[in-house]
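Good morning, and thank you for coming. I would ask you to keep the structure in view while I go through it.

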Amino acid sequence: MDQRDKPRFAADSMLGTLAKWLRVMGYDALYFQRGEDVELERIALREGRTLLTRDGEIVKRGTCPSILIRSDQLPQQLREVIAELRLKWESKVFTRCLVCNLPLVQTEKEKVKNRVPPYVYHTQKRFMICPGCRRIYWPGTHWQRMTERLREIVGGGL
Ligand SMILES: [Zn+2]
């Protein structure tokens with residue numbers, strides 16, 4: 001995939017939930033719980049990330065690519081980012097760890113046998129694992145609920 005189709009993000013401390021939902025959509029989204037503005041700007045610039053911020057001063061300085069997030073509500077925040085960058089993300093939902101931001105890797109069903117509830121093991125075929133925290137993901141009801149929520153927020157396109 002062309003890199004331009006796959007922007008990477010760095011979210012400031014006000015935008016943790018937005019970062020998490022960008023990960024649900026499959027985007028690489030760092031989230032800074034703390035840190036000086038200049039440090040955020042430096043990391044964004046160095047790593048080619050678009051800084052998502054609620055601080056208009058940062059955007060005005062223009063030291064790195066940035067988007068001023070105007071809303072304090074998640075649905076509207078997501079729409080702002082999607083509209084600004086014309087994001088296409090249909091095929092990438094749940095390809096990234098929601099906690100570590102690392103790309104998930106497919107794992108064999110047998111390998112997760114003792115790590116997921118028996119019901120899940122018997123009803124799911126496809127499992128993915130995070131190479132960082134070893135969390136296991138599968139397209140179960142939680143996953144479906146989050147995809148539904150995304151569909152509600154973004155409207156169609158899934
Ligand atoms: Zn992880």
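I begin with a term: a crossing of two helices is called right-handed if the near helix is turned clockwise from the far one by less than a right angle, and left-handed if anticlockwise. Please bear in mind that this is a predicted model.

The crossing of helix 1 and helix 4 is right-handed. Helix 1 covers residues 16–24, and its axis lies 10 Å from that of helix 4, at an angle of about 60°. Because an angle of that size falls between the roughly parallel range, under 35 degrees, and the roughly perpendicular range, 65 to 115, helix 1 counts as oblique to helix 4.

Which residues of the two helices meet? Helix 1 brings Thr-17, Leu-18 and Trp-21, and helix 4 brings Leu-74, Gln-77 and Leu-78. By class, this contact has 4 nonpolar and 2 polar residues, with no charged ones.

I turn now to the domains. The assignment gives domain 1 as 3–92 and domain 2 as 105–154. Their C-alpha centres are 26 Å apart, and the contact between them takes 6 residues from domain 1 and 4 from domain 2. On the domain 1 side, helix 4, residues 74–85, supplies the largest share, with 4 residues. That side comprises 5 nonpolar residues and 1 charged residue, with no polar ones.

Finally, helix 6, residues 141–154. With 14 residues at 1.5 Å a residue, helix 6 should span 20 Å, and its end C-alpha atoms are indeed 20 Å apart, so the two values agree. Just after helix 6, Gly-155 adopts a positive phi of about 80°.

How values were computed:
Residues numbered from 1 in each chain as written. Predicted model: local features only at pLDDT ≥ 70, side-chain atom pairs only at ≥ 80, totals over all residues. Domains from an automatic or database assignment. Contact = placed C-beta atoms within 7 Å. Nonpolar A, V, L, I, M, F, W, Y, C, P; charged D, E, K, R; others polar. Expected span 1.5 Å × (residues − 1). Axes fitted to C-alpha atoms, helices over the stretch in contact; angles between N-to-C directions. Parallel < 35°, antiparallel > 145°, perpendicular 65-115°, else oblique.
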